[in-house]
Amino acid sequence: MISKASACVATAALLFQGLSSAAATTGGCQALAAAGLSSQIYYPADANYIAREASYWAANAPLSPLCIVQPRNTAEVQKVVKAIAGSSGNFTVRSGGHGHWRGASDIHNGVTIDLGLFTDVTVDKKTMIASIGPGPNWATVFKTLEAQGAMVAGGRDGGVGIGGFLTGGGNSYYTGMQGFGADNVVNFEVVLADGRVVNANAKTNSDLWKALKGGSGNFGIVTRFDMQAFTAVPLWGGLSAAERKYGDTIITELINFTNNNAKNPEDALIVNFTYNPGMFTEIVVAMVTVDVKGAVAPPAFEQIAKVPTVLADLTTRSMSNIATSYLLAPGSQNVWYSLTFRADRDIVSHIAALHDEMVAKLLTVLPAADFTTQCLFQPIPAYIAQDRSNAKGGNVLGLDAVKDNALLWLITAAVQTEEQLAIITPYISELSAASNAYAKAKGGAVDWVYLNYADGSQNPLASYGAKNVKFMKDVAKKYDPKAIFQNKVTGAFRLNRI
Ligand SMILES: Cc1cc2nc3c(=O)[nH]c(=O)nc-3n(C[C@H](O)[C@H](O)[C@H](O)COP(=O)(O)OP(=O)(O)OC[C@H]3O[C@@H](n4cnc5c(N)ncnc54)[C@H](O)[C@@H]3O)c2cc1C
Ligand SMILES: *[C@@H]1O[C@H](CO)[C@@H](O)[C@H](O)[C@H]1NC(C)=O
Ligand SMILES: *[C@@H]1O[C@H](CO)[C@@H](O)[C@H](O)[C@H]1NC(C)=O
Ligand SMILES: *[C@@H]1O[C@H](CO)[C@@H](O)[C@H](O)[C@H]1NC(C)=O
């Protein structure tokens, strides 16, 4: 509940700000209150405000919005958008709050539109269409769907939210079978900048439908995702880890797996060079091996299975089980960078060695127990975009232009304090630059940056290619002619800042 006193203080502050900037229109929070939304507006001293700011995954993600508004339904989102669009204020949109960089889904001096109350998850048993609000996380979605025998291509970490994942692409264990998460959205319900609510699907507003499959929040606020579901079956697999000295063997298998994956799209692999002193004293090669059809130890992992392990948690289990077995804990300060490379043994081997060197250097500047790293490689073979995404109507990611079997690369570091984040960030950005330079020199750089993994300093939307950028800009112009979702959203990846 809103405390009256704090609301008064905030209103006074806003009035003062409005006067001092001599703005002709009112600030966002005042406009929301004037639109009759007071019960859903939270100000900085309110318990709801504090709880929502504390619920971001990364400790570096929360900022200090002037207020948070939590609409309860689509009609209230329409009111919210109309009020803010007509005000002098800026805003941002937040779904699951798993954006890992400062500004991804929170704002200073603006309004955070928090979709956390959009918790509906239903399945139509006849059409097998799952309707999912942007409020819950994937673990909740999976549990709800499994109870009805259904599953969708959602996040691998159950804590991740729906809105960012699906509008940014969405890589899941089912990507080989189904394409990206976004490819499986058959309809978006969207509130546009003028307050209208529209559906976007293959028949109606099909340009908006395609643009939302990778174009993030540049076109409106998605209030419901209708996804093509499929029958839930138990999958097999899980996390394992081997000593670093087996790295080259595992890299050979990673490349072989990637090049053969079209033949066994039910199998998914992640290779993760990681320093995690809570689990191991040395760098290890962690792996996630999964068969989404439930085949136990399938042939695609035959060679990898021969590598001696220091951890092996491979079992037959549900999607919700695996999604909640290895949750990356919230509350750390995080820095993530991402690039894409041709699936090439030397490139992976070189980057893994650069990661070893970086960890060694970090051990001289940070307490050994205070940081973790992950240097992850995920197969993105060419058939995924060409056969899966395109068959489902296509998206704007631009991966269909990549002819090589590729590896999506992610480097992450997590630390305890803001000071440590400032120390570690240049190491991560330098590792990223050095990795890219090496791949370029070898002719193996793929000019694609995954929006959901990218740092705020990267430019994922530009990496979709000129044709897709033009398409997204045309769509934005058509559905948001005043560019409200670009100009007033100061953080996040926006088309006007490409
Ligand atoms: C621990 C962890 C594990 C992860 N695992 C995976 C993985 O397996 N596969 C993968 O592909 N990615 C993964 N990611 C990345 C993840 O996809 C992104 O962080 C994603 O943006 C999270 O979505 P969210 O809704 O929680 O984010 P938020 O921070 O709420 O939003 C992210 C962005 O999307 C916009 N947005 C959100 N909802 C809407 C909406 N309804 N309408 C319009 N715009 C919206 C926001 O404005 C913001 O710009 C992981 C991230 C973390 C932290
Ligand atoms: C809104 O953001 C723009 C930048 O996009 C900035 O110039 C402007 O001052 C901001 N307005 C307010 C009221 O903070
Ligand atoms: C990477 O390795 C860590 C162990 O350090 C593990 O907890 C995590 O789940 C792995 N990440 C992925 C995406 O496989
Ligand atoms: C490469 O993968 C194929 C198909 O999965 C497998 O049959 C073959 O044994 C693998 N080769 C090596 C060298 O691991």
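How far does a backbone N or O atom of Gly96 lie from an oxygen atom of ligand 1? In this predicted model the distance is 3.0 Å, which fits a polar contact (a pair of N or O atoms within 3.5 Å). Local features need pLDDT of at least 70 and side-chain atom pairs count only at pLDDT 80 or more, while totals for chains, interfaces and linings use all residues. Residues are numbered from 1 along each chain as its sequence is written, ligands are numbered from 1 in the order in which they are written, and side-chain values use heavy atoms, with hydrogens and water left out.

Ligand 1 has two further backbone partners to look at: an N or O atom of Gly99 sits 2.9 Å from one of its oxygen atoms, and one of Ala104 is likewise 2.9 Å from a ligand oxygen. There are 32 residues around ligand 1, and Val93, Ser95, Ser105, Asn171 and Tyr450 come nearest; being around a ligand takes a heavy atom within 4 Å of it.

Around ligand 3 the residues include Met279, Ala286 and Val288. Here side chains come into play: a polar side-chain atom of Asn272 lies 2.3 Å from a ligand oxygen, and one of Asn276 lies 3.0 Å from an oxygen too. Gln374 instead places a polar side-chain atom 2.9 Å from a nitrogen atom of ligand 3.

Turning to the helices, α11 (residues 345-365) packs on α13 (residues 418-441) at about 160°, with axes 10 Å apart. That makes the pair roughly antiparallel, a label for angles over 145 degrees.

Technical notes. Axes fitted to C-alpha atoms, helices over the stretch in contact; angles between N-to-C directions. Helix = DSSP H or I, 4+ residues; strand = E, 2+ residues; numbered from the N terminus. Parallel < 35°, antiparallel > 145°, perpendicular 65-115°, else oblique. Polar contact = N/O pair within 3.5 Å; in protein donor to acceptor, adjacent residues only side chain to side chain.
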